[in-house]
Number of protein chains: 2
Amino acid sequence: MLVYFCFMGRIKTDSNTTRKEVIIRKAAELFREKGYKAASMRDLADTVGVEAASLYNHIHSKSELLHIICFDVANRFTQKMDELEAEKIPIIQKIEKLLRFHISGMVHHFEEVYVSDREWKHLADPYLSNYQNQRRTYRKRFAAIIEEGIRKKEVKKVDAPTAVLIMLHAISGIESWHRSKQKINGKELEESMIAILVGGLKTSR
Amino acid sequence: MLVYFCFMGRIKTDSNTTRKEVIIRKAAELFREKGYKAASMRDLADTVGVEAASLYNHIHSKSELLHIICFDVANRFTQKMDELEAEKIPIIQKIEKLLRFHISGMVHHFEEVYVSDREWKHLADPYLSNYQNQRRTYRKRFAAIIEEGIRKKEVKKVDAPTAVLIMLHAISGIESWHRSKQKINGKELEESMIAILVGGLKTSR
DNA sequence: AAAATACACTAACAATTGTTAGGCAAAAAG
DNA sequence: CTTTTTGCCTAACAATTGTTAGTGTATTTT
């Protein structure tokens, strides 16, 4: 017979949100803030408002949290790429659209996108190789678009993989925009970035 | 009376290299590969060829390793900025020079630069705030150069902090160039990057 | 050659880690 | 209301962590 003094209550959920989703959300915040390895399950439990052991009623392991976050993001991007490839618009517009998708992902789903971008190293096989493959082919598809642009003379002659690398990492730099004190608003940021990045690609006339 | 069976011998050093420097070098490799938190002192000891405890004859703590790496890199960049500000050359050339310095740092001192870029979060105060300040003022000085360029109409009208963010993060993307199988050579990479980045900044004529 | 220093070793520590077991209470289902 | 299920709790585990103490052997200095 055991008496509970400081009973903490259940994890609060809005309707349409499972407790697991709440945990994943908080995990993303925490992993972003401290890094996957430095964030402990006890930390996570605190921010969720529960004891560490209780988390395991909803999830299987810490690593599950990471791979859910990573693949959620990766799949969203892959899906967007599918749609984009099917569209019949000028290449330079395709590129712009893709960049805008990346930028707004980084602005509005910051925690998840950032974690998937920086912490995927800590995935365990077979998820690790899976993730790496998905990422690699995504970049190849992106590079293929740029190369098509070069053939059609819409895009300046550049090394396509290098261009992809620049674009994607430039966008991941939005991280420091989030961190900065006096930040311009999200829409301005987007336009500035597009101007520089797309401007750097267009054939100069 | 104790007899040593598998005596591993001392840490090998070239002349002009202290054992501490060897350890720091290996630490940079390890921190880059696994991340600061995931890299254990026993891992480090293994790659150095020694027992974990022996490392402490040369260093004070794990965190010392991180802050030596971070500040070595940060100071190099700060120093370069000092030199550059003093030069009397067109702004667009200044920017190009700075970018080239960053690029070749990322190509030739990859491990240290990468670690200082990605793992500084794990610095402990007061080093953490120090580092953040140094980084912030560096970026402000970079932004000031771009703003001067805009005033002199050498540079397209863009939000300067955003431009800095793009440049620096684009360069840190060289990480994935290192990782990639079929990589173009370092010099080509540099020229490609300069073309896109500086191209994106110049006033279009 | 003797003395001093540098540097490696083994053994052990306290703290923190992810995770499991088992029990009780609230919420949902009957 | 009664039963079942869900979800929280405490307690504890084994593993891994950074680090210190103490000891012995190479190497360097005298």
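**Two protein chains and two DNA strands**

Hi everyone, let me start at the DNA: the residues of the surface near DNA strand C divide into 12 nonpolar, six polar and seven charged. Here Ala, Val, Leu, Ile, Met, Phe, Trp, Tyr, Cys and Pro count as nonpolar, Asp, Glu, Lys and Arg as charged, and the others, Gly among them, as polar. "Near" asks for a heavy atom of the residue within 4 Å of the strand.

A word on the ground rules. This is a predicted model, where local features need pLDDT of at least 70, side-chain atom pairs count only at pLDDT 80 or more, and totals for chains, interfaces and linings use all residues. Residues are numbered from 1 along each chain as its sequence is written, chains are lettered from A and ligands numbered from 1 in the order in which they are written, and side-chain values use heavy atoms, with hydrogens and water left out.

Back to strand C. It is surrounded by 25 residues, and the closest are A:Y56, B:I11, B:E51, B:S54 and B:H58. Of its atoms within 4 Å of the protein, 66% belong to sugar or phosphate and the rest to bases.

Now the polar contacts, meaning pairs of N or O atoms within 3.5 Å; within protein, one must be able to donate a hydrogen and the other to accept it, and residues adjacent in sequence count only if both atoms are side-chain atoms. On strand C, a side-chain N or O atom of B:H58 sits 2.5 Å from a phosphate oxygen. A polar backbone atom of A:M41 is 2.9 Å from a phosphate oxygen, while a polar side-chain atom of A:R42 lies 2.9 Å from a base nitrogen.

And which residues come closest to DNA strand D? They are A:E51, A:S54, A:N57, A:H58 and B:Y56, out of 25 that surround the strand. Sugar and phosphate make up 62% of the strand D atoms that come within 4 Å of the protein. Three phosphate contacts to look at:

- B:Y56, with a polar side-chain atom 2.5 Å from a phosphate oxygen of strand D.
- B:K62, with a polar backbone atom at 2.8 Å from a phosphate oxygen of strand D.
- A:R19, with a side-chain N or O atom at 3.2 Å from a phosphate oxygen of strand D.

Next, how the chains relate. Chain A superposes on chain B by a rotation of 180° with 0.0 Å of shift along the axis, at RMSD 0.0 Å; the fit is least squares on C-alpha atoms of residues with pLDDT of at least 70 in both copies. The two copies are thus related as by a two-fold rotation axis. In chain A, the C-alpha nearest that axis belongs to A:G200, at 1.7 Å.

On to chain B's helices, which are DSSP runs (H or I, at least four residues; strands are E, at least two), numbered from the N terminus. Helix α6, residues 127–151, packs on α7, residues 160–172, at about 115° with axes 9 Å apart. Axes are lines fitted to C-alpha atoms, for helices over the stretch in contact, and angles run from 0 to 180 degrees between N-to-C directions.

Finally, some backbone geometry. Most residues other than glycine have a negative phi, and most peptide bonds are trans. The bond joining A:D125 and A:P126 is cis, with omega about 5°, and A:P126 is in the loop between α5 (110–118) and α6 of chain A. In chain B, the bond from B:D125 to B:P126 is cis too, with omega near 5°. A:K153 has a positive phi, near 60°, in the loop between α6 and α7 of chain A. Thanks for listening!
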